[in-house]
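Grab the coordinates and work through a couple of exercises on the ligand site and the pocket. Each task comes with a step-by-step solution.

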Amino acid sequence: MERGVLERWIKENEGLYVEATRHPFILSIRDGTVDFSAYKRWLEQDYLFIRNFVPFVASVLVKASRESEDDSDMETILGGMAALHDEILWFKKEASKWNVQLSHVVPQNATEAYCRLLEILINPETDYTTAVTAFWTIEAVYQQSFSLCLKSDSKTVAELMEACRRWGNDDFGTYCESLRRIANRHLANAQESVRKKAEEAFKLILQLEVDFWNMSFG
Ligand SMILES: Cc1ncc(CNC=O)c(N)n1
């Protein structure tokens, strides 16, 4: 992976990055020891997260169309937006498979805190470089995490394979690569004040992802 700004931040925040991308919840899915009640708690809360993630991605699309000099940025982000429609349908199907009533789900603290950050990132005050860096971070944590559960030596149980494939598959990995290059390009060209804001968002999101995984343990 080329040495961009994001790779430097990953190195400087290695512990937190590993906590977010190799969390015990994910390792328990990989090792086939996960408690299904933890999985169902995660599923319920992640549905609430996705409902709030959609407007965030839409806001990145608007900022890309206004602030990016490269038209392909918007096309990449639009691809991610389209996938979210299928994602919401998947959550509803998965919830009925586990007899989870999505309409009755109460947001937990970690979900509420994450959605508050998404609101701040949606705000027009948040610049495109910070928003697209946040977008990559959010997607990359799931891609890195769930790809662990698809490795040949993983013991992921059949019931959880669809979820792991959804975010761990190579196509999602390629999409995250595109986002990483877009974020690195804008970070390299940004003023230091913007880079600082983006770095804060990067670290905040890693912590919120750790809190979100922790929540599945109830
Ligand atoms: C809490 C959280 N973080 C990242 C993702 C991945 N992005 C969209 O699906 C997600 N679904 N949930």
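**Exercise 1.** Find which side chains make polar contacts with the ligand (pairs of N or O atoms within 3.5 Å).

*Solution.* Step 1: start with Trp 167, where a side-chain N or O atom is 3.0 Å from an oxygen atom of the ligand. Step 2: turn to the ligand nitrogen; a polar side-chain atom of Glu 139 lies 2.7 Å from a nitrogen atom of the ligand, and for Tyr 142 the distance from a side-chain N or O atom to a ligand nitrogen is 3.2 Å. Step 3: check the cover; alone, the ligand exposes 320 Å², and the protein buries 99% of that (Shrake-Rupley, 1.4 Å probe).

A word on the input: this is a predicted model, where local features need pLDDT of at least 70, side-chain atom pairs need 80 or more, and totals for chains, interfaces and linings use all residues. Numbering runs from 1 along each chain as its sequence is written, and side-chain values use heavy atoms, leaving out hydrogens and water.

**Exercise 2.** Sort the shell around the ligand (residues with a heavy atom within 4 Å) by chemistry.

*Solution.* Step 1: list the residues, among them Asp 46, Phe 49, Glu 87 and Phe 212. Step 2: sort them, which gives eight nonpolar, no polar and four charged; here Ala, Val, Leu, Ile, Met, Phe, Trp, Tyr, Cys and Pro are nonpolar, Asp, Glu, Lys and Arg are charged, and the others, including Gly, are polar.

Note on methods:
Polar contact = N/O pair within 3.5 Å; in protein donor to acceptor, adjacent residues only side chain to side chain.
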